[in-house]
Amino acid sequence: MKKLLPLLLTACSTLPSAAPHTFVPLPEAVAPLEVCWIDTGGVSVPGGYGVGGSPEAKTWEVTSAALVIRHPKGDLVLDTGISTQAQEESRELGGWSAFVFGQTAGRNLPRRNLADSLTALGVTRPLALLLSHAHADHAGGVSAVPDVPVWLAAEEKAWVEAKTSAVLPAQARAMTGRMVPIPFAEKPFANYDASFDVFGDGSVVVVPTFGHTPGSVATFVTVSATKRFVHVGDVINLGESIDRKVGKSWLMRTLTDEDDAATKAQVAKLVQLREADPALTILAAHDRPAFLQLFGNDDGALPPCIGAR
Ligand SMILES: [Zn+2]
């Protein structure tokens with residue numbers, strides 16, 4: 001069995017190849033952007049929890065990140081991290097949902113407080129909270145930033161409104177009345193068919209990556225000529241998934257992916273994206289070492305930021 005298990009995990013993580021696709025290059029840096037990383041919480045688990053096959057990373061150092069994207073036209077918060085009340089909020093969950101929460105988002109220990117960090121950064125009224133998806137470790141901070149629109153894909157909005165057991169009820173209530181569907185246009189960007197150009201200048205572009213949840217999205221951010229990344233939510237958990245061309249671990253796929261085949265197809269698209277644009281950082285939402293590499297150490301009074309305003 002000991003020998004069988006790794007084989008089984010490897011077999012399960014076989015990826016399809018993405019269909020050939022035209023590639024629309026990312027723009028040159030067009031606006032002075034500043035991006036800050038707020039590490040709201042995390043945990044350290046074995047690397048095999050995060051990635052299929054034989055992991056290169058011995059441990060998966062998890063961040064539950066919120067990003068603040070500061071553009072001359074306004075501030076955008078991409079994901080909101082964990083809730084400071086997540087354990088209380090989870091009490092409404094029963095059975096399998098409570099188990100999944102306890103094995104995943106519920107394991108996070110708090111680090112930086114989202115509301116305090118936004119205040120410290122001088123972010124008083126963001127344009128919106130843009131969610132890669134509505135799971136508890138991404139939507140946890142919505143209640144801490146009231147009266148601001150919550151942008152998410154129409155498919156994700158419908159999923160939240162259908163009271164899926166994969167979204168904490170208290171967090172769904174915090175989103176109610178302010179969810180705005182992302183207006184995707186049939187305009188190709190990178191290797192995707194549809195896109196939403198947030199500021200109209202190509203600096204921040206959202207694309208649909210449905211699979212992990214019904215309306216998961218990824219966000220391309222061009223900070224400078226040398227600092228460009230795509231935040232891919234939970235399509236993958238560790239960057240090495242792309243280098244090694246494997247999806248997530250069997251465990252995380254089983255516990256967290258709504259549509260296994262669609263998620264694998266999204267991983268395959270990221271492999272294709274890497275080949276088309278090798279210098280672009282593919283940033284998995286919970287890959288703390290990748291955030292450290294992009295943003296530098298997180299040991300100051302303020303959350304670390306890159307770019308300029
Ligand atoms: Zn997550």
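These questions and answers go through some labels used for this predicted model.

Visitor: What makes lysine 248 buried rather than exposed?
Guide: Lysine 248 has 28 other C-beta atoms within 10 Å. The cut-off for buried is 20 or more. So lysine 248 counts as buried.

Visitor: Where does lysine 248 lie?
Guide: In the loop between α8 (240-243) and α9 (250-256).

Visitor: Which residues does lysine 248 touch, leaving out those up to four places away in sequence?
Guide: Gly50, Val51, Gly52, Ile236, Asn237, Ser241 and Arg253. Contact here requires C-beta atoms within 7 Å.

Visitor: Why are β8 and β12 called edge strands?
Guide: The open sheet runs β8-β9-β10-β11-β12, with mixed pairing. β8 (196-197) and β12 (281-283) each have a single partner strand, so one side of each has no neighbour in the sheet.

Visitor: How do you know that β9 and β10 pair?
Guide: DSSP must find at least two bridges. Strand β9 (residues 204-208) and strand β10 (residues 217-222) share 5 bridges, in the antiparallel sense. So they count as paired. Valine 206 stands opposite threonine 219 in β10.

Visitor: Which strand gives the most to the largest nonpolar core?
Guide: That core has 79 residues; Ile69 is among those with the most contacts inside it. Strand β2 (residues 59-71) gives the most, with 7 residues. Beyond four places in sequence, isoleucine 69 contacts Leu33, Val35, Asp75, Leu76, Leu78, Val204 and Val221.

Visitor: Where does pLDDT stay under 50?
Guide: Over residues 1-11. The mean for the protein is 93, and 96% of its residues reach 70 or more.

Note on methods:
Residues are numbered from 1 along each chain as its sequence is written. This is a predicted model: local features need pLDDT of at least 70, side-chain atom pairs count only at pLDDT 80 or more; totals for chains, interfaces and linings use all residues. A nonpolar core is a set of buried Ala, Val, Leu, Ile, Met, Phe, Trp, Tyr and Cys residues joined through C-beta atoms within 7 Å. A residue is buried if 20 or more other C-beta atoms lie within 10 Å of its own, exposed if 12 or fewer, and partly exposed in between; C-beta atoms are placed from the backbone. Helices (H or I, at least four residues) and strands (E, at least two) are DSSP runs, numbered from the N terminus. Two residues are in contact if their C-beta atoms, placed from the backbone, lie within 7 Å. pLDDT is the predictor's confidence in each residue, from 0 to 100.
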